[in-house]
Amino acid sequence: MKIRSILYISILSILSACMFSKPYNGTPVLTPDAYRFSDIQEVEKERLKTEEEEEYQLLSWWEIFNDSYLDTLIVTALRNNRNVLIASQRIEQARKQQSITKKDLRPKFGTQLQAGRGNFVQGLPGDDAFNLYTGFVSTSWELDIWGKFRSLNRAAKANLLGSEYAKRAIQISLISDVATSYFKLLELRELLRISESTLSSRDSSTNLIQQRFDKGIVAEIDLNQSQIQKAIAAGAVPLYKRQMYQQENALSILIGENPRGFLPEFELYEQEVMIDIPEGLPSELLSQRPDILQAEQQIVAQNYQIGVAKANRIPAISLTGLLGLASTELSSITDSWPAWNILGDFTGPIFQWGQLKDQVRIEEYRLQETILNYEQNVLVAFQEVEDALIGIETLKDEVRAREDHVRAASNAEMLSRFRYDKGVTSYLEFLESQRQAFDASLSLAQTKQQLLSNYVLLYKALGGGWISPEEKSEAEQAAQENTKE
């Protein structure tokens, strides 16, 4: 008898180790050896990093702008933004769901208390009516022979990890949105300042031309041209003022606050725009982008769902038990003999018209869908990095050209005014120089903002810049543990 019991237990143990789910061994994707528009790849390929670069890696990426006001806005946004808080709640939901599926592996216990009166015994009528009092503790346990519950548990773990990556992606997107919105606000403040300064200058010029016209020194066309240029500057002031206030409202919502004003410590022209970018190797992008990591966890979860669908085609074995007391008198129920029952339940499909087989195929198609989605995310990630790199490279050159343009246009405006006052040139030439100087200043401000925003886009495309070695090690370890299980 003992040998037979040991044999049964051994068979059940072997069967319980069976799983239809195959271990996830990663999804191969083609990664380039270098970014197309990078100029430091030889250094990166050889892994030659200076101590300065190692320290740089440990910084939060937005700190390269060296703007404490921006730092405060980002910290406030990470604490208050509703989308981040929603993502935190989703993580908690996924954590509890994983806890629920994990406990499906354990036996479940319940209780049942009954009191009744009648003349039926086991469905047959009796001669006399009698009382019946029962109290039982029940247990049920479906043996996870084919790994259905283990697959569900590991799918839930993958979903939990995916929700954590989703939160990180939301945080990175939020930080990028805050920084971009902040630089846009600085741009609009600068455009407003330029417009107000130009309006003041043109107002003085118009007053001077008006006095000369009144004295008959200049023609009316000169006065009209001056009034036109003044009106153009006057129209730009409310335009940029409106956009600036609307931008402040948008930034307020991003940081989770009611609309309010902002007083940055630095203006746009004080921001550093020539920043060196050690962007790393393309292969590292796969371990840094949270949206890619989330897509990979979707593959892991779906891989285990196939095992669940296959296990549903196989018969299941359940054990149920009942232990309690029964008596016709409530006062003597504790003196009665224990009532007990143990039942083995073997249930399984016989003929389902191919429905369970089709469900397996559906889950396999879904797996291919998640793999394709992962590959698409990788391709888009590489494109976003390349776009940001070429944007930074070309915008740096454009900023230099715009600065030269502003210097030349400002000098030309000064010389034209001098020539006009001396009667050497026409007023039309002076107005044209004035217009070019105004447009050049606006273009420089807009280009600087675009360059700063492209730095932000690059860090977002790289998965939030450079995480610390500790963070990277923890993420890799968590992924390895999840894959092993």
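## Reading a predicted chain

Colleague: Before I stare at any side chain, what does the pLDDT look like for this chain?

Modeller: Keep in mind that this is a predicted model. The chain averages a pLDDT of 77, and 71% of the residues score at least 70.

Colleague: Over which residues does pLDDT stay under 50?

Modeller: Here's the general idea: where pLDDT is low, don't read the predicted coordinates in detail. In this chain, residues 6-12 stay under 50, and the model gives them two contacts beyond four places in sequence. Residues 40-59 also stay under 50, with 35 such contacts in the model.

Colleague: Now helix H6. How many residues does it have, and what span does it reach?

Modeller: H6 runs over residues 148-214, which is 67 residues. From first C-alpha to last it reaches 95 Å, close to the 99 Å expected at 1.5 Å a residue. Just after H6, Gly-216 takes a positive phi of about 80°.

Colleague: Glu-190 is in that helix. Buried or exposed?

Modeller: The cut-off for buried is under 20% relative accessible area. Glu-190 has 8%, so it counts as buried. Leaving aside neighbours within four places in sequence, Glu-190 is in contact with Leu-268, Tyr-269 and Ala-445.

Colleague: And Phe-351, buried or exposed?

Modeller: For exposed, the cut-off is over 50%. Phe-351 has a relative accessible area of 56%, so it is exposed. Phe-351 lies in the loop between strand S4 (338-347) and helix H10 (355-421).

Colleague: Which residues form the nonpolar patch with Phe-351?

Modeller: Ile-350 and Trp-353 join Phe-351 in that surface patch, and together the three have about 500 Å² of accessible area.

Note on methods:
Residues are numbered from 1 along each chain as its sequence is written. Side-chain values use heavy atoms; hydrogens and water are left out. Helices (H or I, at least four residues) and strands (E, at least two) are DSSP runs, numbered from the N terminus. The expected span of a helix is 1.5 Å times one less than its number of residues. Buried means under 20% relative accessible area, exposed over 50%, partly exposed in between (1.4 Å probe, protein chains only). Contact means heavy atoms within 4.5 Å. Patches are made of residues with over 30% relative accessible area and no salt bridge: like charges are joined within 9 Å, nonpolar side chains (Val, Leu, Ile, Met, Phe, Trp, Tyr) within 5 Å. Accessible areas come from the Shrake-Rupley method with a 1.4 Å probe; for residues, only the protein chains shown count as cover. A salt bridge is a side-chain nitrogen of Lys or Arg within 4 Å of a carboxyl oxygen of Asp or Glu. pLDDT is the predictor's confidence in each residue, from 0 to 100.
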